[in-house]
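Biologist: Please take a close look at one part of this model, the charged contacts around a single helix, and then set that part in the context of the whole chain. A connected account would serve better than a list.

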Amino acid sequence: NAADEQEDSVNALNLQLRNMNQYTIYTSEGLQILAKELENSTNFTDNQVMEAEKLMLTFANISTDVLPDAIEKLLDMSEVMGMDTKSAAMQLGKALNDPVEGVTALKRVGVVLSEQQKKSIQDFMDQNDIMSAQKVILAELDKEFGGHAKLQKDELKTVSIAWQDFKETLGVVVKPAVDGISAQFASILKNITEIMKKGEEA
């Protein structure tokens, strides 16, 4: 159900943060808040955003410092190019993980950096300043795609997402009670089954 999917998304995100030695409760909560904010301002659900966050974190050179900006650019790129968030995350993740090679990878999807931008990226990499090199790429993506995810927000989809959120919240509140009832019901069925078996034996 929706609540379980939400819980799975959070657990998967936290697991990836731990795998990359970037987990703190503040980092996790910050990324969850970002996912919710982007859900409220775009056509993407918070689960989709957290999935993208998780995938981006599989790339060792992408830190949680650059991740929020990267996620916003990823959603813009996904909206404009008609890519699903997983594909966009892998495409952008590869580019940011190795910015020098990333220039070539982005060119294949129509993102072309100037010679000056390429030089800046190489200079930053020569100084072991990968974050600054990544920001050159993100700045170009902002120039080409910036704001499109929010611009394309569909109010009908907003209603659908709000309903999904309601089911997630309802699931969190109701699930413990349902689990308790299910356990009691299972016990009753077991007792009935045993009584019926004894009746057959008699």
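Modeller: K73 forms a salt bridge with D142, and the closest N and O atoms of the two are 3.9 Å apart. K73 lies in helix α4 and D142 in helix α8, so this pair ties together parts that are 69 residues apart in sequence. The model is a predicted one, and the distances quoted here are computed from it.

The two partners differ in their cover. K73 counts as buried, at 8% relative accessibility, because the limit for that class is under 20%. D142, by contrast, is partly exposed, with a relative accessible area of 40%.

K73 also forms a salt bridge with D69, where the closest N and O atoms are 2.4 Å apart. This second pair is local: D69 and K73 both lie in helix α4, four residues apart, which is about one turn of the helix. D69 is partly exposed, with a relative accessible area of 33%. K73 is thus bonded to D69 within its own helix and to D142 in helix α8.

Another charged residue of the helix makes a link to a further element. E72 forms a salt bridge with K150, with 4.0 Å between the closest N and O atoms. E72 lies in helix α4 and K150 in helix α9 (residues 148-151), so the pair ties together parts that are 78 residues apart in sequence. Both of these residues are partly exposed: the relative accessible area is 31% for E72, and the relative accessibility of K150 is 43%.

The salt bridges of the protein come to nine in total. Elsewhere, salt bridges that share partners join K36, E39 and D46 into one network. D46 belongs to helix α3 (residues 46-56) and is one of the buried residues of that helix.

Helix α4 has a nonpolar side as well as these charged contacts. L74, the residue after K73 in the numbering, touches A52, M56, T85, A88, A89 and L92, with residues up to four places away in sequence left out of that list. L74 is also among the residues with the most contacts inside the largest nonpolar core, together with M56, I71, L96 and L141. That core has 41 residues, and at least two of them come from each of α1 (2-19), α2 (25-41), α3, α4 (67-81), α5 (85-97), α6 (99-107) and α8 (130-145). As a general matter, nonpolar side chains in soluble globular proteins tend to be buried together. Helices α4 and α8 therefore both supply residues to the core and are also tied by the pair K73 and D142.

Two of the other contributing helices show how they are covered. Helix α3 is mostly covered, with nine of its eleven residues buried; among them are V49, M50, A52, L55 and M56. Of these, A52 and M56 are touched by L74. In helix α6 the buried residues are P99, G102, V103, A105 and L106, and their cover includes α5, α7 and α8.

Helix α7 (residues 115-126) holds S120, which counts as partly exposed at 21% relative accessibility. S120 and S132 are twelve residues apart in sequence, and their C-alpha atoms are 8.9 Å apart in space. The loop between α7 and α8 contains N128, which has a positive phi of about 60° although it is not a glycine. N128 counts as exposed, at 71% relative accessibility. The loop between α1 and α2 holds a second such case, N21, with a positive phi near 55°. N21 is exposed too, with a relative accessible area of 74%. Most residues other than glycine have a negative phi.

Aromatic and cationic groups add one more detail: the charged end of R18 sits over the ring of Y23, 4.0 Å from its centre. The count of aromatic pairs, however, comes to zero.

For the chain as a whole, there are ten helices and zero strands. Of its 202 residues, 36% count as buried. Among contacts between residues at least 6 apart in sequence, 68% join residues at least 24 apart; the pairs K73 with D142 and E72 with K150 also span parts distant in sequence, at 69 and 78 residues. The accessible surface of the protein comes to about 11500 Å², and 55% of it belongs to carbon and sulfur atoms.

Definitions and conventions: This is a predicted model: local features need pLDDT of at least 70, side-chain atom pairs count only at pLDDT 80 or more; totals for chains, interfaces and linings use all residues. Side-chain values use heavy atoms; hydrogens and water are left out. Buried means under 20% relative accessible area, exposed over 50%, partly exposed in between (1.4 Å probe, protein chains only). A nonpolar core is a set of buried Ala, Val, Leu, Ile, Met, Phe, Trp, Tyr and Cys residues joined through side-chain atoms within 4.5 Å. Contact means heavy atoms within 4.5 Å. Rings of Phe, Tyr and Trp (its six-membered ring) pair if their centres lie within 6.5 Å; planes under 30 degrees apart count as stacked, over 60 as edge-to-face and the rest as tilted. A charge sits over a ring if NZ of Lys or CZ of Arg is within 6 Å of the ring centre and within 35 degrees of the ring normal. A salt bridge is a side-chain nitrogen of Lys or Arg within 4 Å of a carboxyl oxygen of Asp or Glu. Accessible areas come from the Shrake-Rupley method with a 1.4 Å probe; for residues, only the protein chains shown count as cover.
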